[in-house]
Amino acid sequence: MIAWWGPPVDETQLEHDHGNTIDERWSDEDAPARLWIYEVGGVPIGFGESYLIDHHTEYAERLATSNAIGVDYAIGEPAERGRGHGRRLVTLLISAGFAEHCTADKAVVVPKAANAASRATCESAGLHLVEQRPLQDEYPRGGDSAIYALSRVRFETQARLSSRSADRA
Ligand SMILES: CC(C)(COP(=O)(O)OP(=O)(O)OC[C@H]1O[C@@H](n2cnc3c(N)ncnc32)[C@H](O)[C@@H]1OP(=O)(O)O)[C@@H](O)C(=O)NCCC(=O)NCCS
């Protein structure tokens with residue numbers, strides 16, 4: 001977790017860095033993002049955010065993308081990893097991002113290339129690798145980032161197929 005998200009911060013720092021986003025009080029300087037807690041049986045075990053990448057102008061330029069939603073995620077309880085929660089969380093975040101940003105035609109997710117668990121989770125959620133290259137200002141510094149994408153059309157097809165097979169089960 002620390003390797004890919006950075007060291008823990010205290011509440012004062014959290015309020016300073018993310019207070020407006022947590023309270024959904026975005027000023028002109030803030031890039032809006034919706035923050036989510038992922039719960040299982042009422043117990044919070046994960047965290048995610050969904051946003052329109054176009055609202056984050058410099059990031060959109062670095063990615064050379066437009067009309068895309070982005071998501072970031074973590075399963076914070078190590079004991080809960082490897083049980084399918086990561087794939088479900090990514091799918092839920094993409095669904096929420098598409099529902100909120102109707103003009104977006106794709107989801108773009110950008111783990112570090114060395115983050116094997118996150119890359120496998122992207123692939124498991126149906127995203128495909130577009131390119132791998134260094135991306136400025138990505139945490140942690142250094143190393144390539146792996147840029148994954150999934151079109152809205154394909155996401156919706158996947159959702160229909162998986163609900164049909166759930167109905168048959
Ligand atoms: C990435 C993360 C969310 C995955 O969560 P998870 O609950 O373990 O993921 P899942 O159990 O849904 O597994 C999804 C896929 O990844 C694979 N996988 C999980 N951990 C893996 C690992 N360490 N190495 C390789 N593959 C891995 C699983 O086998 C599964 O593949 P499958 O569907 O083909 O069987 C979790 O490891 C995490 O929170 N990591 C720290 C934070 C982080 O890196 N966030 C992403 C930043 S971009």
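A contact means heavy atoms within 4.5 Å. The views below show a predicted model.

**Figure 1. Overview of the chain, with 6 helices and 6 strands.** Starting at the N terminus, the elements follow the order α-α-β-β-α-β-α-β-α-β-β-α. The chain has a radius of gyration of 16 Å, close to the 15 Å that the globule rule gives for 169 residues, so the chain is as compact as a globular protein of that length. Along the principal axes, the C-alpha atoms occupy a box of roughly 50 × 35 × 35 Å. Among contacts in the chain with a separation of 6 or more, 58% are between residues 24 or more positions apart.

**Figure 2. Surface, burial and charge of the chain.** Buried residues make up 36% of the 169 in the chain. The exposed area of the chain is about 10,000 Å², and 53% of this area comes from carbon and sulfur atoms. There are 17 positive and 26 negative charges in the chain, and the mean positions of these two sets lie 11 Å apart.

**Figure 3. The hairpin of strand 1 and strand 2.** Strand 1 (residues 34-40) and strand 2 (residues 43-52) run antiparallel and are joined by 7 bridges. Two pairs are picked out across the hairpin. Arg 34 faces Ser 50 of strand 2 as its opposite residue, and Ile 37 stands opposite Phe 47 of strand 2. The turn leaves 2 residues between the strands, and Gly 41, located in this turn, has a positive phi of about 55°.

**Figure 4. Strand 2 and its pairing with strand 3 (residues 68-75).** Strand 2, joined to strand 1 by 7 bridges, is also joined to strand 3 by 7 bridges, and strands 2 and 3 run antiparallel. In this pairing, Gly 46 stands opposite Ile 75 of strand 3. Of the 10 residues of strand 2, 7 are buried, so strand 2 is largely enclosed by the rest of the structure.

**Figure 5. The surroundings of His 85 in helix 4 (residues 85-100).** The relative accessibility of His 85 is 8%, and because buried means under 20% relative accessible area, His 85 counts as buried. Leaving aside residues up to four places away in sequence, His 85 touches Tyr 38, Val 40, Ile 45, Ile 75 and Glu 80. One of these contacts, Ile 75, is also the residue of strand 3 that stands opposite Gly 46.

**Figure 6. Thr 121 in helix 5 (residues 116-124).** With a relative accessible area of 18%, Thr 121 is buried. Residues up to four places away in sequence are not counted in its contacts; beyond these, Thr 121 touches Gly 86, Arg 87 and Val 90.

**Figure 7. Gly 126 in the loop between helix 5 and strand 5 (128-134).** Gly 126 counts as buried, at 17% relative accessibility. When residues up to four places away in sequence are set aside, Gly 126 touches Leu 150 and Gln 158. A C-alpha to C-alpha distance of 23 Å separates Gly 126 from Ala 33, and these two residues are 93 residues apart in sequence.

**Figure 8. The loop between strand 5 and strand 6 (144-151), with Pro 140.** Most residues other than glycine have a negative phi, and most peptide bonds are trans. The peptide bond from Tyr 139 to Pro 140 is cis, with omega near -10°. Asp 137 also lies in the loop between strand 5 and strand 6. Although Asp 137 is a residue other than glycine, its phi is positive, near 65°. Asp 137 counts as partly exposed, with a relative accessibility of 45%.

**Figure 9. Glu 24 in the loop between helix 2 (11-22) and strand 1.** Glu 24 is not a glycine, yet its phi is positive, at about 55°. The relative accessibility of Glu 24 is 39%, and Glu 24 counts as partly exposed. The strand at one end of this loop, strand 1, is the one that forms the hairpin with strand 2.

Terms used:
Residues are numbered from 1 along each chain as its sequence is written. This is a predicted model: local features need pLDDT of at least 70, side-chain atom pairs count only at pLDDT 80 or more; totals for chains, interfaces and linings use all residues. Side-chain values use heavy atoms; hydrogens and water are left out. Helices (H or I, at least four residues) and strands (E, at least two) are DSSP runs, numbered from the N terminus. The radius of gyration is taken over C-alpha atoms; the globule rule is 2.2 Å times the number of residues to the power 0.38. Buried means under 20% relative accessible area, exposed over 50%, partly exposed in between (1.4 Å probe, protein chains only). Accessible areas come from the Shrake-Rupley method with a 1.4 Å probe; for residues, only the protein chains shown count as cover. Lys and Arg count as positive and Asp and Glu as negative; His and the chain ends are not counted. The place of a charge is taken as NZ of Lys, CZ of Arg, CG of Asp or CD of Glu. Two strands pair if DSSP finds at least two bridges between them.
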